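Hi,

Here is the structure I promised to pass on. Have a look at it first, and then read on for what turned up.

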Amino acid sequence: MATVLPETVPQPPADSKQGKALEPSFESWGRYPKLPADLRPLSWTTDFPPRERPAGAMLPVGAGRSYGDVCLLEEGTLLHARGMDHLLQFDPATGILRCEAGVTLAEILDFAVPLGFFLPVTPGTKYVTVGGAIANDIHGKNHHIAGTFGSHVLRFELVRSDGSHILCSHRENRDWFAMTIGGMGLTGLITWAEVRLRPIVTRGINYRGDKFVGFQEFLELSRQAADVEYTVAWIDCVSTGKNFARGIFMQGTHAETPAPLTRSKEPKLVFPIDLPEFALNKFSIGLFNFAYYNKQRAKTVNSVVDYEPFFYPLDAVLKWNRMYGKAGLLQFQCVLPWDEDQRGITQIMKAITSSGLASFLAVLKVFGDVPSPGFLSFPKPGLTLALDFPIRPEVSFDLLHRLAAITLDHGGRMYPAKDATMTAAQYQAFYPGWEKFAAYVDPAFDSAFWRRVTGRA
Amino acid sequence: MPKNDRQPLFPQKILILGATSAIAQATARLLAERGASFFLVARDPYKLAAVASDLQTRGARFVRTLKLDLDDLDAHGPLLTATIDAMGSIDMALLAHGVLGNQAAAQADARVAEALYRTNFLSPASLITWMANYFEGRGEGCLAVISSVAGDRGRKSNYVYGASKAALNVLLDGVRNRIDRSGVHVLTIKPGFVATPMTAHLKRGPLFAEPRTVGRGILRAVQSRRDVVYLPGFWRLIMFVVRSVPARIFKNMNM
């Protein structure tokens, strides 16, 4: 009975050392690593800097949708900015929305779609915050045309732990603008941002799906679809032999026939439990990949689909990361610059298929050459591959280190927002500008990721 | 001009006391999407400005704010006048201000408890008097007050807070009995655990509801002219059980 009623928890005296505040757990989407931290909610932009400075380091976090440890901090205070969720201004003439950094892309869609506007860039989940989207300079299926999310951010306010407010844009404080976009939350707290939305007349997407086998066919389809707004491929990372690198190339454009712009329904499905570790194995994953590839019977399919399943197929099931069990999952995403014979990507795929660890949804996409405004942004021209792995201590980490090594050999780099394993040496080779960036890190801020890749973990 | 068929069901001119509270904001956002006008009252001008921009952006027809400490009962009459001056009239008043307080401090020092009673009971009681008389005179209006399940029975862990809400509940029962027949809707809202800054120091269990869920429940209760609503609804059952325990057993329970 004691647990079911709202009650006041007696507050320990301020000077009490044992009376430690409750520690609500905060996990990243990969649920690995698991690090204890104090969680302090920020509900208003004026809640930061806090009146009582916490003892350890601080790190702003949003929805916790990055996979590894960019949103984690051991023995520190996570500033949970999700509560800063006010929309501040919208101009339908220009599509410019000003909102606080804790607003999620889902909330922007709920607001903007009925008014005939859509996100300029969206990742594979809409449950990320605007602050997180800027801090990780996320990308989407239209990278080859539209660049990163940061390319559509006009302005934002950065608040430093010393209380200074820095208004950042292409014109004002340009260095802070560049360092904060893709700056992993380390340069200060983003309180609000201005983002330019794009007009739509319907929720519909003109969709085309093409089956392919091998990188040659994938690249041919990518070339043909170079001017199509959204392109991405699902690729089978399990099959070998004649089915090696088979997949489905998906392309879409916003349909142009006006149709009612209703708001999305909230998903009803929640993945109910943590699956046991053995549930995901070579057999079940192979079966999934077989079924997914063969779901589409014809070589080519054309249809009009709703934007939800097109952009956010996994959002339909909340907490789908429970599928990987309590241990969590490891994500891997790299970009490899173009090379004539796709040696790098082939090596990576071979390492994955032979490990037998591959997962369901591996994603392959061509990045374009629209430059990112962020100094440390991940995307660059080339091929990007993303997939997740169940955590099997004896093999998963070895595989990820091997993949990182191949990525480095071929002049590529890995994505911090999806990483829990790269070494300091690898990171510093991927991002040679890191030392210049370090000068902009707020002296009171730190993250588990940043400690690791700067060799302090 | 043809009227939107939804319009008559939603109040259009809304006074919110404690407008920066999470539950008040969640409720106001739903009404803003339907083009309502707002007069917002709270203590912190920066927070008020954020709430005002938010509601305006979401479609509010008109938003006016007033920085005021509602513990000052003398300000309540002028507040009502200012609201009517700004909006012409009031369809709905939502009383959302209140503090959770600190039980340990309040049971040790009656003056700490007095401050809590002032904020959680005397202040809303005064506002309820002003609003009830205003609505009664008009023969319509919705007086919605955020109370708490904690007012259903006193427990050692938060009975000072609970007592302030219990008093509020009884007052609202009486006011409803007095003016319901005049066409005024008096709504007692009893939320359980809600994930808000007020409860940020509590461990979030499965019984916690999102403010948005509670906001939707309030709107449904306003539309369907409910008298007393538990939000989420399962709290009605929990509190029924809690109230049913005989005192001689209850007094020995650890809650």
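In chain A, 48% of the 457 residues count as buried, meaning that 20 or more other C-beta atoms lie within 10 Å of a residue's own (12 or fewer makes it exposed, anything in between partly exposed, and the C-beta atoms are placed from the backbone). Before you go further: this is a predicted model, where local features need pLDDT of at least 70 and side-chain atom pairs count only at pLDDT 80 or more, while totals for chains, interfaces and linings use all residues. Residues are numbered from 1 along each chain as its sequence is written, and chains are lettered from A and ligands numbered from 1 in the order in which they are written.

Chain A as a whole

Chain A has 12 helices and 20 strands; these are DSSP runs numbered from the N terminus, with helices being H or I over at least four residues and strands E over at least two. Its radius of gyration is 22 Å, close to the 23 Å from the globule rule for 457 residues, so chain A is as compact as a globular protein of that length. (The radius is taken over C-alpha atoms, and the rule is 2.2 Å times the number of residues to the power 0.38.) The C-alpha trace spans about 70 × 55 × 55 Å along the principal axes of chain A. Of the contacts in chain A with a separation of 6 or more, 76% are between residues 24 or more positions apart; a contact means C-beta atoms, placed from the backbone, within 7 Å.

Two residues to click on

A:Phe149 sits in the loop between α3 (143-146) and β7 (153-159) of chain A. With 32 other C-beta atoms within 10 Å, A:Phe149 is buried. Setting aside neighbours within four places in sequence, its contacts are A:Val121, A:Ala133, A:Ile134, A:Asp137, A:Ile138 and A:His139.

A:Leu269 belongs to strand β14 (residues 269-270) of chain A. This residue is exposed, with 10 other C-beta atoms within 10 Å. Apart from neighbours within four places in sequence, A:Leu269 touches A:Ala316, A:Val317 and A:Leu318.

Over to chain B

Chain B comes to nine helices and seven strands. Its radius of gyration is 18 Å, which agrees with the value near 18 Å for a compact globule of 255 residues. The C-alpha trace of chain B spans about 65 × 35 × 35 Å along its principal axes, and 45% of its 255 residues are buried.

Look at helix α1(B) in particular: 10 of its 11 residues are buried, so the helix is largely enclosed by the rest of the structure. Among them are B:Ala24, B:Gln25 and B:Ala28.

Which helix does α1(B) cross at roughly 60°? The partner is α7 (residues 211-223) of chain B, and its axis comes within 8 Å of that of α1 (residues 22-32). That angle makes α1(B) oblique to α7(B). Axes here are lines fitted to C-alpha atoms, for helices over the stretch in contact, with angles from 0 to 180 degrees between N-to-C directions; under 35 degrees is roughly parallel, over 145 roughly antiparallel, 65 to 115 roughly perpendicular, and the rest oblique.

The contact involves residues including B:Ala22, B:Ile23 and B:Leu30 of α1(B) and B:Val214, B:Ile218 and B:Leu219 of α7(B).

Happy browsing!

Key: Two residues are in contact if their C-beta atoms, placed from the backbone, lie within 7 Å.
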